[in-house]
Amino acid sequence: MKRLISALVVAGVTSLAACTLAATDKQPALVYMVVADVPCKEAIQSMTQKLEKDGFPFDWTDRSKGLLSVGPITEDLKSHDRFTRIKQSYRLSFSCHEEVFTNVANQAELEGLDMAGNWVAIIDHALIEKYGIRFLDRLKL
Amino acid sequence: MNRLLLIALLLVLAVFTTACSEDKSSAGLAKDEMVPASAYAPVSGNRIYSRPDLCDTMEDVKTKIPYVDQKLHKVLGRCNSDPDKERYWAYYGKRQKPATLKKWLKRLCKKKYKSATTIIDVDEKQCHSGSGAYNVAAVGYVNKYADLLRAFNKSGADLSKSAWGKNHYCSVGLAEGRTYPGLSSKSCKSSGGGSSSGSISGSSSGGGFTKTDYQFVYKMNAAQSKLGGRTVRWASKTINVSGITNPSWQAAIRKWPVVSFKFGSSKGIVFAGYSNKHPEKCGWAQPIWRSNGKMARCKITLHAPFNPARCDSIELVLQHEVAHCIGIFGHTNDGGLMDPRCCSSKITSPVRRGLALLYSLPPGTDIRSRVRAKTGSASHNKSKAVRDDLFDPSGERLIYGPVIATQARQ
């Protein structure tokens, strides 16, 4: 009986650990922004215009819910020891409050082109967050 | 005759000595020494304990250096044999080094009461102490335990020693059996930096934090953070500002209490220049934060051409936008600076207190329980588990799942 319980515990712990690894293996990070003192509709319009101007491909996943997908945006990486190019995708979620406040949640996903020519999901949280912040920073009104 | 002369001389000397010692608080202090101020707890609005209003306004007439930048020192202590057990002695707002002030205080206790001295606190940051509420017992508690003192010093003093001490006592210390006179489980029932026992609620805005303060911070910050009722703020109370060199603009920004600003630094709050994209607006701000509740950067843009008839002054607009950058993600309706329409320069009490509360809490603090009576609802609690996933205390956990869809439904 004791062995059975031990085996169950070990199996449980193992599967939980595996589950965690799988989850963190490919999942993106989030960063947030508020645009204050500009009417929400204007702010969203300005941001999509900025995306157009910068030549970033985007698509309204669900306009009624304020969901916008941006990317992929591909850039060369000059000083990375593992990847030569980076592919960025962003999922933006807009919501309004008080008419002149626009909340933007940005979920970033990165892939890197390794030396063997394969696109590999990047799971370096700091790097994903850095790109997420940089992208929001570009959406200056 | 000689004897009479001698007696007369002695009398005169005695009179002089008495007068002299009265000047120096009956302590027989040396000429260069200053007399400390005495105080009792609780004292409201007393600069010895609380964040003085001067932090926001006073400038040295000669040097023009704001009070906050003068790096003034403070020492607070008690003479152990003082028959008045409630009395504290303090030097505050002094340019002398803390070691000198401590020496003076010890000498005073020795001469006045033939007593040893208990130094309760050295340099509790008067201008940067967040809530401004001062809890003598909580400070003494931190000083009593070497491991706590080490932990506090290591924390980077993001919170005042008073607030840190109280937080520690209530969350861990009490359960661990740590003690300090004046601290008990009752102390933990009050909110903010003060407590019901031995506390001085003397912030410039009037004391410990109330449910109304928490509701303000919830509405203006935590509810907009998208982090499940958790707060967003800069990690440090000293905030970098770049792109603003005009002294009158800097002075306007410096009027914000609780935090201080380091001009000329990179990152932080950035003045992004002018734009004519939104002609109805005077200026706008774009704060960005991470999933651990720490602000990453904030851009401020002013409308060009600037219209003084509609927007009053650039200083006022900048001051308003900086508030959005430091965590006020909403507008008030109380005739103050944070109203959506200009042109009051008044930082009203709810805003002042809200900021003090926001910066007395670590970034990413869940304040829902503090406001639940008013804002708690079935739908609020229903989505709690999902929204908790959005918060990442370490800033390192990767977040997964249908986050975007969840947020859109909120």
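This report covers a predicted model of two chains, A and B, beginning with chain A and its strands.

**Confidence in chain A**

Chain A has a mean pLDDT of 81. In this chain, 80% of the residues reach 70 or more. One stretch of chain A falls well outside that group: over residues 8-28, pLDDT stays under 50. The model has 12 contacts beyond four places in sequence for residues 8-28 of chain A. Where pLDDT is low, the predicted coordinates should not be read in detail.

**Strands of chain A**

Strand β5(A) spans residues 101-114. β5(A) is mostly covered, with 10 of its 14 residues buried. Three other strands of chain A pair with β5(A): β1(A), β4(A) and β6(A). A separate pairing joins β2(A) to β3(A). The table lists these pairings.

| Strand pair | Sense | Bridges | Residues facing each other |
|---|---|---|---|
| β1(A) and β5(A) | antiparallel | 8 bridges | A:V35 and A:T102 |
| β4(A) and β5(A) | antiparallel | 14 bridges | A:K87 and A:E111 |
| β5(A) and β6(A) | antiparallel | 3 bridges | A:G112 and A:V120 |
| β2(A) and β3(A) | antiparallel | 4 bridges | A:W60 and A:L68 |

Strand β4(A) covers residues 83-97. β4(A) and β5(A) form a hairpin with 3 residues between them. In that turn, A:E98 has a positive phi of about 55 degrees.

At its other pairing, β5(A) forms a hairpin with β6(A), residues 119-121. Here 4 residues lie between the strands. A:G117 takes a positive phi near 85 degrees in this hairpin.

The hairpin of β2(A) and β3(A) also has 4 residues between its strands. β2(A) runs over residues 58-62 and β3(A) over residues 67-76. A:G66 takes a positive phi near 70 degrees in this hairpin.

**Where the chains meet**

β1(A), residues 29-36, also takes part in a pairing across the chains. Its partner in chain B is β10(B), and the two strands pair in the antiparallel sense over 4 bridges. A:M33 stands opposite B:I288 of β10(B). β1(A) thus has a bridged partner in chain A, β5(A), and another in chain B, β10(B).

In total, 34 residues of chain B are in contact with 36 residues of chain A. On the chain B side, the elements that give two or more residues are β9 (268-275), β10 (283-290), β11 (295-303) and α15 (403-409). β10(B) provides the largest share, 8 residues. By class, this side of chain B has 16 nonpolar, 11 polar and 7 charged residues.

**Chain B overall**

Chain B has 15 helices and 11 strands. Buried residues make up 45% of its 410 residues. Consider the contacts in chain B between residues at least 6 apart in sequence: 67% of them join residues at least 24 apart.

**Helices of chain B**

Helix α4(B) covers residues 136-144. Because 7 of its 9 residues are buried, α4(B) is largely enclosed by the rest of the structure. The buried residues of α4(B) are B:V136, B:A137, B:A138, B:V139, B:G140, B:Y141 and B:V142.

Helices α7(B), residues 211-220, and α11(B), residues 349-358, pack against each other. Their axes lie 9 Å apart, at an angle of about 80 degrees. An angle of 65 to 115 degrees counts as roughly perpendicular, and α7(B) and α11(B) are therefore roughly perpendicular to each other. From α7(B), the contact uses B:D213, B:Y214, B:F216, B:V217 and B:M220. From α11(B), it uses B:P350, B:R353, B:G354, B:L357 and B:L358. By class, the contact has 7 nonpolar, 1 polar and 2 charged residues.

**A buried glutamine**

B:Q319 is found in helix α10(B), residues 314-325. B:Q319 has 21 C-beta neighbours inside 10 Å, so it counts as buried; the cut-off is 20 or more. Leaving aside residues up to four places away in sequence, B:Q319 touches B:A252, B:I253, B:K255 and B:L337. One of these, B:K255, is 64 residues from B:Q319 in sequence. The C-alpha atoms of B:Q319 and B:K255 are 7.9 Å apart.

Notes:
Residues are numbered from 1 along each chain as its sequence is written. Chains are lettered from A and ligands numbered from 1 in the order in which they are written. This is a predicted model: local features need pLDDT of at least 70, side-chain atom pairs count only at pLDDT 80 or more; totals for chains, interfaces and linings use all residues. Two residues are in contact if their C-beta atoms, placed from the backbone, lie within 7 Å. Ala, Val, Leu, Ile, Met, Phe, Trp, Tyr, Cys and Pro count as nonpolar, Asp, Glu, Lys and Arg as charged, and the others, Gly among them, as polar. Two strands pair if DSSP finds at least two bridges between them. A residue is buried if 20 or more other C-beta atoms lie within 10 Å of its own, exposed if 12 or fewer, and partly exposed in between; C-beta atoms are placed from the backbone. pLDDT is the predictor's confidence in each residue, from 0 to 100. Axes are lines fitted to C-alpha atoms, for helices over the stretch in contact, and angles run from 0 to 180 degrees between N-to-C directions. Angles under 35 degrees count as roughly parallel, over 145 as roughly antiparallel, 65 to 115 as roughly perpendicular and the rest as oblique.
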